[in-house]
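Please open the model in your viewer and keep the sequence panel beside it. The stops below are meant to be taken in order, each beginning with something to select.

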Amino acid sequence: MIAGILFGLLIDPSGLKDLIVPLTFLMVYPMMINLQFGKLIAGGNWKLQGVAQLINFGIVPFLAYGIGWLFFRDQPLIWLGLLLTGLLPTSGMTISWTGFAKGNLTAAIQMTVIGLILGSLATPLYAQALLGRAIEIPLVETFKQIAIVVFLPMILGLVTKRVLIATVGQQKYERDLKKKFPVFSTLGVLGIVFVAMALKAKAIVAAPLIFLGYFGPLLLIYLINFMLSTIVGKVWFSREDAIALVYGTVMRNLSIALAIAMTVFGAKAGAEIALIISMSYIIQVQAAAWYVKLSDRWFGKPVTESL
């Protein structure tokens, strides 16, 4: 973020617009290779999955919309960025943090796949219904870009995984190749954030307090989301399922949100939308790490540790 701002201040960043599409592909495609669609037919607690998606699509988008109305009703692009973070649940982080906290990994994987598909299909409709009066939502273009930046990489990822396993074997893929793909996704994320910050550098420096003012509303969304999911998990589910529920409803797919912002709305508007999405990474990663430390306090220790 800092490097992008410095670049935008010292050098004309307009040429970076040409990097948006390749960086978007670099960000999304590698994460799709490791997506475990087979887990959808592995069985599991479908009540847990239903509650997770009810929170993801029945509560969190309206929470993001409401907080956006309170703080950003005069800044529709920022409001839209906040809404996008609320509309795209789960990511690879859902699975990782669930594992760190010793939660139900199978349930977390299922939430990730279901959330990715439902979120991608629902986002244009929610955005049009909730913010269509405040900002023009190009519905057809949004669906088109989602097909390009989500479903095309998803298909290519499935094909790539099958080819790799057929070539090198399942064991070598799991041991040596699987762990390398997230690095490329991270590079794509860093690149997109860099471009977004560079394109908006002068505006950020001209009004830094406005930029910093994005933290409060974002923090409020994550705080309410964590509290809600923790209470629901504590009341209705086992320790392992509750942890999966929390990470499956609080972690947002910020990479896909960035991809949609930067490809659908053009470089200038997309960069502004991407500002608040980029700042979500800071809160999301730190909050997820702290929650791992607190999960034993909320839900008790894992059975193997308590014996």
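What follows is a walk through selected helices, pockets and single residues of this predicted model.

**Helix α8**

Begin by selecting residues 139-168, which make up helix α8. At 1.5 Å a residue, its 30 residues should span 44 Å, and the C-alpha atoms at its ends are 42 Å apart, so the expected and computed lengths agree. Where along α8 should you look for the kink? Centre the view on A147, where the helix bends by about 35 degrees.

Next, colour the buried positions of α8, which are T142, Q145, I146, V149, V150, P153, M154, G157, T160 and K161. As a general point for reading such a list, an α-helix has 3.6 residues a turn, so residues three or four places apart point the same way. To see what covers these buried residues, show the helices around them, including α2 (20-33), α7 (105-131), α9 (170-177) and α15 (254-264). Before leaving, step just past the end of α8 to G169, which takes a positive phi of about 95 degrees.

**The loop between α6 and α7**

Now select K102, which lies in the loop between α6 and α7. Most residues other than glycine have a negative phi. K102 is not a glycine, and yet its phi is positive, at about 60 degrees. Is K102 buried or exposed? Its relative accessible area is 42%, and it therefore counts as partly exposed.

**The largest pocket**

Turn on a surface and look for the largest pocket, whose volume is about 910 Å³. Its lining has 30 residues, and the closest to the pocket centre are S91, G92, M93, S96 and P182, which make a convenient selection for finding the place. Helices α6 (92-100), α7, α10 (181-199), α15 and α16 (266-299) each supply at least two residues of this lining. Coloured by class, the lining of the largest pocket shows 15 nonpolar, twelve polar and three charged residues.

**The second largest pocket**

Move on to the second largest pocket, which has a volume of about 220 Å³. Select L219, Y222, L223, F226, M227, T230, I283, A287, W290, Y291, L294 and W298 to display the residues that line it. The elements giving two or more residues to this lining are α13 (215-236) and α16. By class, the lining of the second largest pocket divides into eleven nonpolar residues, one polar residue and no charged residue.

**Helix α13**

Keep α13 on screen and show it alone for a moment: its 22 residues should span 32 Å at 1.5 Å a residue, and its end C-alpha atoms are 32 Å apart, so the two values agree. Its buried residues are P217, L218, I221, Y222, N225, F226, S229, T230, V232 and G233. Bring back the surroundings, and you will find these buried residues packing against α3, α4, α5, α14 (239-250), α15 and α16.

**The enclosed cavity**

How many cavities of 30 Å³ or more does the structure hold? There is one, and the largest cavity has a volume of about 80 Å³. Select V60, A64, L82, T85, G86, L218, I221, Y222, N225, V250, R252 and S280, the residues that line this cavity. Two or more lining residues come from each of α4 (60-72), α5 (76-87) and α13, and the largest share, four residues, comes from α13. The lining of the largest cavity comprises seven nonpolar, four polar and one charged residues.

**Two buried residues**

Select N56, which is found in helix α3 (residues 46-58). With a relative accessible area of 0%, N56 is buried. Leaving out residues up to four places away in sequence, N56 touches P61, G86, P89, G248, T249 and R252. Two of these names may look familiar, as G86 and R252 also line the largest cavity.

Finish at A261, found in helix α15, which is likewise buried, with a relative accessible area of 0%. Apart from neighbours within four places in sequence, A261 is in contact with L84, G266, G270, I273, A274 and I277. As a last exercise with the distance tool, pick the C-alpha atoms of A261 and F62, which lie 199 residues apart along the chain and are separated by 19 Å.

Definitions and conventions
Residues are numbered from 1 along each chain as its sequence is written. This is a predicted model: local features need pLDDT of at least 70, side-chain atom pairs count only at pLDDT 80 or more; totals for chains, interfaces and linings use all residues. Side-chain values use heavy atoms; hydrogens and water are left out. The expected span of a helix is 1.5 Å times one less than its number of residues. The bend at a residue is the angle between axes fitted to the seven residues ending there and the seven starting there. Buried means under 20% relative accessible area, exposed over 50%, partly exposed in between (1.4 Å probe, protein chains only). Contact means heavy atoms within 4.5 Å. On a 1 Å grid over the protein atoms alone, a cavity is a set of points where a 1.4 Å probe fits but cannot get out, and a pocket is an open set with protein on both sides within 12 Å along at least five of seven lines; lining residues have an atom within 4 Å of a point. Grid points are joined across faces, edges and corners, and a volume is the space filled by probe spheres set on the points. Ala, Val, Leu, Ile, Met, Phe, Trp, Tyr, Cys and Pro count as nonpolar, Asp, Glu, Lys and Arg as charged, and the others, Gly among them, as polar.
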